[in-house]
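Visitor: Could you give me a close look at a single part of this model, and then walk me outward from there? I work with structures computationally, so please keep the reasoning visible.

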Amino acid sequence: MADYYDLLGVSRDADADTLKRAYRRLARQYHPDINKDPGAEDRFKEIGRAYEVLSDPQTRARYDQFGEAGLGGGGGMPDMGDMGGFADLFETFFSGFGGAAGAGGGARRRGPRQGDDLRLDLTISFSEAIFGQEKEVQVRHLETCNTCSGSGSKAGSGPTTCGTCGGAGQVRRATRTPFGSFTQVAACPSCEGTGQVIADPCGACGGQGLQQVRKKLRLNIPAGVDSGTRLRVAGEGNAGQRGGPAGDLYVFLSVQPHPSLRRDGTTIHSEVTVNYLQAILGDTIEVETVDGPEKLEIPAGTQPGATLTLAGKGVPKLGNPVARGNHQIAVKVQLPTKLNAEELELLEQLAGHHTARGHKHPHKSGLFGGLFGHRD
């Protein structure tokens with residue numbers, strides 16, 4: 001999906017009038033009753049969607065901050081794609097852009113409205129992602145005003161009938177155009193389709209019935225999460241209006257990298273360096289894992305680049321923490337760059353002994369044969 005500002009051909013700081021003019025021009029250009037070119041109808045739908053988002057200050061703010069991901073909640077945006085005929089087109093032009101048009105437009109706004117979903121980006125450590133953690137987070141969201149209990153009115157008062165629409169929640173307007181006269185029905189701009197207005201607004205919430213508060217939440221991060229994991233906390237988004245249900249809080253996780261361990265799904269990867277004698281003769285060394293230091297057996301004759309596995313020391317499977325992946329360790333062999341005379345003499349004796357026998361000694365196989373050029 002293209003950027004909504006690019007679709008309308010406006011800058012990101014465009015005001016409401018600029019947005020409206022851009023939308024009118026493009027809607028006329030791409031309306032399917034006028035433009036029969038392939039793709040014109042899809043373009044018309046995209047333009048309508050872009051204007052619906054950017055013409056509303058709240059949805060525009062979410063889009064500016066999060067892109068289309070920020071529009072997933074709040075009940076979704078209206079689909080303007082199914083506009084048929086010139087009456088619908090001009091109704092869109094002159095209805096105030098954003099009011100629900102048609103006979104049922106006002107009624108849709110009368111009842112409870114669900115609150116918007118919210119997004120929280122949270123960075124956690126590598127260990128917290130592996131084993132899970134309960135974390136305390138703070139969110140700012142809208143809650144029902146305690147002073148007016150969500151009514152928006154001061155104590156002892158209440159909503160009154162809207163003088164603009166007479167309580168109908170709708171207004172009708174006749175529009176004369178070059179294509180004829182059209183009668184439009186739209187949500188009342190004064191009461192937003194409710195049929196009532198707040199005559200004496202609550203001082204705490206300004207008549208909105210909602211207040212923004214900062215709230216602490218205990219968030220349970222399950223074992224095995226990874227960057228991009230999305231956690232849903234039901235009912236912790238913005239409170240709904242007129243008694244509507246609250247939206248949800250979506251927590252998007254980002255995991256900090258580990259200095260020496262790398263994760264691939266449920267598998268942990270790391271590297272260890274041993275000297276050539278450890279590779280030839282074998283050894284038991286200590287390596288770092290997500291569970292802390294662990295013993296790792298280096299088998300005799302381990303080849304450079306070999307991979308050794310610590311079973312069950314990887315990442316727990318998300319949703320089934322009992323099942324864990326493995327820890328795979330790549331072995332690097334460090335060869336000496338300088339030898340003193342005594343070391344060189346001993347290695348030459350070993351090389352001669354190895355060649356003379358014509359086969360590999362159990363403790364001198366693999367790397368040892370490679371060092372001295374022997375091949376079976």
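Guide: Happy to! Helices here are DSSP runs of H or I with at least four residues, numbered from the N terminus. With that in hand, our part is Arg60, which lies in helix 4, residues 57–66. Please keep in mind that this is a predicted model.

Is Arg60 buried or exposed? The cut-off for buried is under 20% relative accessible area. Arg60 comes out at 14% relative accessibility, so this arginine counts as buried. What is it in contact with, once neighbours within four places in sequence are left aside? The list is Tyr5, Arg12, Asp13, Ala14, Leu19, Val53 and Leu54.

One of those contacts, Leu19, takes us to helix 2, where it is among the buried residues. The others buried in helix 2 are Ala22, Tyr23, Leu26, Ala27 and Tyr30. Viewed down the axis of helix 2, the buried residues fall within an arc of 125°, so they line one face of the helix. That fits a general pattern: an α-helix has 3.6 residues a turn, so residues three or four places apart point the same way. The length of helix 2 can be checked too: it has 15 residues, 16–30, and at 1.5 Å a residue these should span 21 Å. The C-alpha atoms at its ends are 21 Å apart, which agrees.

From the helices, let us go on to an open sheet. Three strands build it, in the order 1-9-8, with mixed pairing. Strand 1 (118–124) and strand 8 (230–233) are the edges, each pairing on one side only. From one strand to the next, the twist averages 25°.

Where does the mixture come from? Strand 1 pairs with strand 9 in the parallel sense, over seven bridges; Thr123, for example, stands opposite Ser254 in strand 9. Strand 8 and strand 9 (residues 249–255), by contrast, run antiparallel and are joined by four bridges. Two of the partnerships with strand 9 are Arg230 with Phe252 and Leu231 with Val251. Five of the seven residues of strand 9 are buried, so this strand is largely enclosed by the rest of the structure.

Next, the cysteines. How many disulfides does a search of the whole structure find? The count is zero. The limit for calling a disulfide is 2.5 Å between sulfur atoms. For Cys188, the closest cysteine sulfur belongs to Cys162 and is 3.7 Å away, too far for a bond. Cys205 has its closest cysteine sulfur in Cys148, also at 3.7 Å and too far for a bond. Cys188 counts as buried, at 1% relative accessibility, and Cys205 counts as buried at 10%.

One last stop is Val333 in strand 17, residues 327–334. Its relative accessible area is 18%, and it is buried. Val333 and Tyr276 are 57 residues apart in sequence, while their C-alpha atoms are 5.9 Å apart in space.

To return to where we began: Arg60 of helix 4 is buried, and its contacts include Leu19, one of the buried residues of helix 2.

How values were computed
Residues are numbered from 1 along each chain as its sequence is written. This is a predicted model: local features need pLDDT of at least 70, side-chain atom pairs count only at pLDDT 80 or more; totals for chains, interfaces and linings use all residues. Side-chain values use heavy atoms; hydrogens and water are left out. Two strands pair if DSSP finds at least two bridges between them. Axes are lines fitted to C-alpha atoms, for helices over the stretch in contact, and angles run from 0 to 180 degrees between N-to-C directions. The expected span of a helix is 1.5 Å times one less than its number of residues. Buried means under 20% relative accessible area, exposed over 50%, partly exposed in between (1.4 Å probe, protein chains only). The arc is that of the directions from the helix axis to the C-beta atoms. Contact means heavy atoms within 4.5 Å.
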